[in-house]
Amino acid sequence: MAKDGGSASEVTGRAPGVLLVSAGASHSVALLTGDIVCSWGRGEDGQLGHGDAEDRLSPTKLSALDGHEIVSITCGADHSTAFSESRLEVYSWGWGDFGRLGHGNSSDLFIPQPIETLCGVRIKQIACGDSHCLAVTMEGEVLSWGRNQNGQLGLCTTEDSLVPQKIQVFQGIPIKMVAAGAEHTAAITEDGVLYGWGWGRYGNLGLGDRNDRLVPEKVSTVNGERMVMVACGWRHTVSVSSSGGLYTYGWSKYGQLGHGDFEDHLVPHKLEALRGSFISQIAGGWRHTMALTADGKLYGWGWNKFGQVGVGDNVDHCSPVHVTFPHEQKIVQVSCGWRHTLAITVRQNVFSWGRGINGQLGHGESVDRNTPKMIDALSFDGSSGQHIESSALDLSTGKTSVSPSDRYAVVPDETGQTFNSVRGKGNEASVPEGDVK
């Protein structure tokens with residue numbers, strides 16, 4: 001496999017096996033066998049990690065992580081993280097406002113850098129929201145950092161944190177996993193208890209009201225079911241019980257809760273449409289939701305303006321719809337971005353669909369897709385002659401960081417169009433017009 005020597009190079013031949021995919025607001029990251037991390041899509045804030053601010057229309061090898069033995073990758077809205085189990089290091093890069101990168105400042109990073117506070121810590125899981133992140137240690141402790149204006153860090157304050165801090169409420173309560181939305185957070189304990197905290201205007205905390213919480217609070221679940229999995233959308237939450245049942249709650253203006261209507265739910269509500277299926281994985285997008293069953297079938301629902309539900313139309317769906325793949329391939333992993341979706345099949349093929357304006361679908365073009373299309377360069381069944389380019393990374397001359405005063409955000413408004421918003425001023429850069437608090 002070719003090493004990058006300061007100029008663009010290519011990895012050719014049979015595609016490496018894909019292990020994980022993660023989707024951000026308008027970018028995507030994949031972890032492949034052979035210690036390869038790839039990224040593509042919007043790169044304006046350094047979230048691709050290639051040392052520049054350029055978009056990439058096709059998967060590009062992230063040269064800065066060569067040899068780092070990465071085992072997990074997670075995208076936030078406009079930043080990314082990776083964890084090396086052998087080095088016990090968490091790396092972050094991209095938009096740094098509000099301290100979401102965890103490096104003690106608000107600067108953007110254009111190449112991955114280890115988070116000093118987490119060096120030497122054994123990490124079980126990392127979750128990234130729009131502007132905040134959390135890490136669960138192997139011991140079940142939770143650390144959080146980034147934006148905190150609604151208490152989404154769970155630290156009993158509304159002060160942002162530029163470095164990871166331990167959530168003291170969970171002292172002595174081992175946590176299994178966490179999930180992060182726009183400005184709210186959810187967690188599940190090893191005993192199956194569900195918690196919510198942060199911004200709660202739509203009932204997305206599951207606590208029966210529309211109030212914010214500055215510290216984690218227990219969620220009452222239906223029939224006392226033990227929860228084993230949780231995911232957050234932008235303003236909604238999804239959980240799965242030990243019996244494979246799917247529960248959703250929070251905002252449902254676009255049908256993202258899947259209950260056949262557009263009504264918010266303030267507490268977890270079982271999704272009857274999938275009652276006969278055992279849910280094995282869930283993912284929350286900006287305003288859409290995906291669920292994977294134990295037998296490899298994928299269902300989607302919610303906002304579908306750009307085809308992100310993947311069912312061949314651009315109409316919102318308030319109930320689950322089956323997403324089909326060529327040759328009825330079964331799915332093993334799914335990830336939702338703001339307006340696009342990624343999935344891995346059992347044949348180690350990677351598919352993407354939804355918004356493609358920044359190349360986040362990885363097809364070498366800037367075209368939206370409302371049905372799954374295979375990313376050739378990452379797929380076992382990809383076309384011959386496929387290749388994965390490498391970063392043309394030169395640390396001596398490449399851009400590595402940008403100060404907070406030199407940035408602006410481009411985020412979608414209520415219709416999916418974009419508008420500019422000055423960063424670092426405490427404004428609602430991530431909130432579309434028409435949905436201000």
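These legends accompany four close-up views of a predicted model.

**View 1. The largest pocket and the residues around its centre.** Welcome to the largest pocket, whose volume is about 1,100 Å³. Its lining is made up of 50 residues. If you would like a place to start looking, S22, T74, Q125, I126 and S335 are the lining residues that lie nearest the centre. By residue class, the lining holds 31 nonpolar, 15 polar and 4 charged residues.

**View 2. Strands that contribute to the pocket lining.** Seen strand by strand, the lining of the largest pocket takes at least two residues from each of strand 2 (18-23), strand 6 (70-75), strand 10 (123-128), strand 14 (175-180), strand 18 (227-232), strand 22 (279-284) and strand 26 (331-336). Which strand gives the most to this lining? That is strand 10, with 6 residues.

**View 3. The open sheet that includes strand 10.** Strand 10 also belongs to an open sheet of 4 strands, arranged in the order 10-11-12-13 with antiparallel pairing. The edges are taken by strand 10 and strand 13 (161-166), each of which has a single partner strand, so one side of each is left without a neighbour in the sheet. On average, neighbouring strands here are turned by 15° against each other, direction ignored. For a closer look at one pairing, follow strand 12 (residues 142-146), which is joined to strand 13 by 3 bridges and runs antiparallel to strand 13. Within this pair, L143 stands opposite K166 of strand 13.

**View 4. Strand 27 and its two hairpins.** Are the residues of strand 27 (residues 340-345) buried or exposed? Here 6 of its 6 residues are buried. In a regular strand, side chains alternate between the two faces of the sheet. Both faces of strand 27 are covered, with H340, L342 and I344 buried on one side and T341, A343 and T345 buried on the other.

Strand 27 has antiparallel partners to explore as well. With strand 26, strand 27 shares 5 bridges, and the two form a hairpin with 3 residues between them. In this pair, S335 faces L342 of strand 27; S335 is also one of the residues that lie nearest the centre of the largest pocket. Another 5 bridges link strand 27 to strand 28 (residues 350-354), again in antiparallel fashion. Here H340 has G354 of strand 28 as its bridge partner. Strand 27 and strand 28 form a hairpin with 4 residues between them, and Q348 in the turn has a positive phi of about 60°.

Key:
Residues numbered from 1 in each chain as written. Predicted model: local features only at pLDDT ≥ 70, side-chain atom pairs only at ≥ 80, totals over all residues. Heavy atoms only, no water. 1 Å grid on protein atoms, 1.4 Å probe; cavity = no way out; pocket = protein on both sides within 12 Å on 5 of 7 lines; lining within 4 Å. Points joined across faces, edges and corners; volume = space filled by probe spheres on them. Nonpolar A, V, L, I, M, F, W, Y, C, P; charged D, E, K, R; others polar. Pairing = 2+ DSSP bridges. Axes fitted to C-alpha atoms, helices over the stretch in contact; angles between N-to-C directions. Buried < 20%, exposed > 50% of the residue type's maximum accessible area, 1.4 Å probe, protein only.
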